[in-house]
Amino acid sequence: MAEDLSTAPASPAVGDADAEYHQRRTLRRGSAGWLLLTGLGVAYVVSGDFSGWNVGLSKGGFGGLAVATALMGAMYACLVFSLAELSTILPTAGGGYGFARRALGPWGGFLTGTAILIEYVLAPAAIVIFIGDYVESLGLFGLTSSWPVYLGCFVVFIGVHLWGVGEALRFSLIVTAVAVAALLIFAFGALTGFDVNSLDDIPVDASAFGSNSWLPFGVLGIWAAFPFGMWFFLGVEGVPLAAEEAKDPVRSMPKALAISMGILALLALVTFFAATGAQGSDAVKSAGNPLVVALEGDGGPTALSRFVNYAGLAGLVASFFSLIYAGSRQLFALSRAGYLPRFLSLTSKRKAPYLGLVIPGAIGFALAAATGNGARMLNIAVFGATISYALMALSHIVLRRREPGLERPYRTPGGVLTSSVAFVLALSALVATFLVDIDAALIALAVYAVALAYFAFYSRHRLVASAPEEEFAALAEAEAELTRD
């Protein structure tokens, strides 16, 4: 790479955009308080409680997935507290890109923003496939093919986002509340049949180093289970992308991030133990709907299992809907600053980035309809996520070291130690993605390479210096220059 992340010039931008440029690229401010932001944080993630995490049992067994989930939970907690500080310093739609832009220069900003965009464009495409599978399995609407479901989801839910951010976040909060209530009801029902002897019933691979009944695939199984431990928390880091549309983001953002993380940790704990303890880890390790399997066993459907099955659809819808929002805001910020084509950041009369919603939605629908491989796309999304986590944690470390006097309305508990833990665990999770799906990792790297080529040869020479994130970075360079003089 031609430029070091920390020493790249602060403003390779050409010229300032005039007032009209920004007037055509404005979001509706003050639309979300701490409650809607908290709902958004939980909505990003809640579908992961209903399905997906259980595949980690086939990689690490109960003990391996339990340790992986605890470590990934620690990573997200440390990352969330680091982002809470950064989001009060720079409360804009750029989120992680904006933080990295000041700490690591334009290359670091683009690397971070692109990784976040990979996560939030691919994840909805994956989840809509799971929605289609749910609709078919439940026999809804008499459908025998899923592509009409994909199309309907993108059209309807993007339409709600186009209507307005306040309306969209309120809808998300309602659906998320239904999904969370269903998880708690599931846990109550499943725990009535809890048997501790069911937790470690997966056959042991005697050839694996360190294997036993709790670690049937050995010590390496813990590492292989990292990406699945992430499913209980994947996406919560996207809350700062709503900062530009939040009410008093300096106060509401840290509060929403902390409460979201607390709720998700509780849901992960009760879901994990209730599902594995009811029917056994072996029974649910490969199930597409592990909560339903945990309730039914060999006894067939029950009223509670049917309810949870339908509620799983609500959880998928909540995550699908909120991830569309996150992707559109990251795309909006990168486009507004010139990293991506500027027309993608145009907003409508209702202050919605309409192209930033429609174009990723069209890409997501095309990928879902063409491949039908939700697991592969979600693995690609996880790869992008882990890169962004490492870079955002590094940004916190760099800004704490380089600019200790920067005004910080909220300060991360533990400071650099906290973000350093997030950084190390994020790198470990990144390597673990190669253990799970090397093809997905290579596809993500190929997408990354194309994006970097676009930035290197074109967009880095056409950045918009008056974009909020670019102005913030330029201010740091000006202050440093004054200090040197």
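Two residues count as being in contact when heavy atoms of each lie within 4.5 Å. With that in hand, here is a look at a few parts of this predicted model, starting with one helix and what packs over it.

Helix α17 takes in residues 438–457, 20 residues in total. From first C-alpha to last it reaches 29 Å, close to the 28 Å expected at 1.5 Å a residue. Its buried residues are Ala440, Ala441, Ala444, Tyr448, Ala451, Phe455 and Ala456. Viewed down the axis of α17, these buried residues fall within an arc of 135°, so they line one face of the helix. The cover over them includes α5 (96–138), α15 (374–402) and α16 (416–436). Turn to the other side of α17 and the picture flips: Val450 and Phe457 are exposed there.

One of those covering helices, α16, is also home to Leu435. Leu435 has a relative accessible area of 42%, so it counts as partly exposed. Setting aside neighbours within four places in sequence, Leu435 touches Leu220, Trp223 and Ala224. Ile89, on the other hand, sits 346 residues away from Leu435 along the chain, and the C-alpha atoms of the two are separated by 37 Å.

Elsewhere, there is a nonpolar patch on the surface, about 420 Å² in area. Leu191, Phe194, Val196, Leu269 and Phe273 make it up. Leu191 belongs to helix α7, which runs over residues 165–191. Partly exposed is the label for Leu191 too, because its relative accessibility is 40%.

Note on methods:
Residues numbered from 1 in each chain as written. Predicted model: local features only at pLDDT ≥ 70, side-chain atom pairs only at ≥ 80, totals over all residues. Heavy atoms only, no water. Patch = residues over 30% accessible without salt bridge, like charges linked within 9 Å, V, L, I, M, F, W, Y side chains within 5 Å. Areas by Shrake-Rupley, 256 points an atom, 1.4 Å probe, with all protein chains shown as cover. Salt bridge = Lys/Arg side-chain N within 4 Å of Asp/Glu carboxyl O. Helix = DSSP H or I, 4+ residues; strand = E, 2+ residues; numbered from the N terminus. Buried < 20%, exposed > 50% of the residue type's maximum accessible area, 1.4 Å probe, protein only. Expected span 1.5 Å × (residues − 1). Arc of directions from axis to C-beta.
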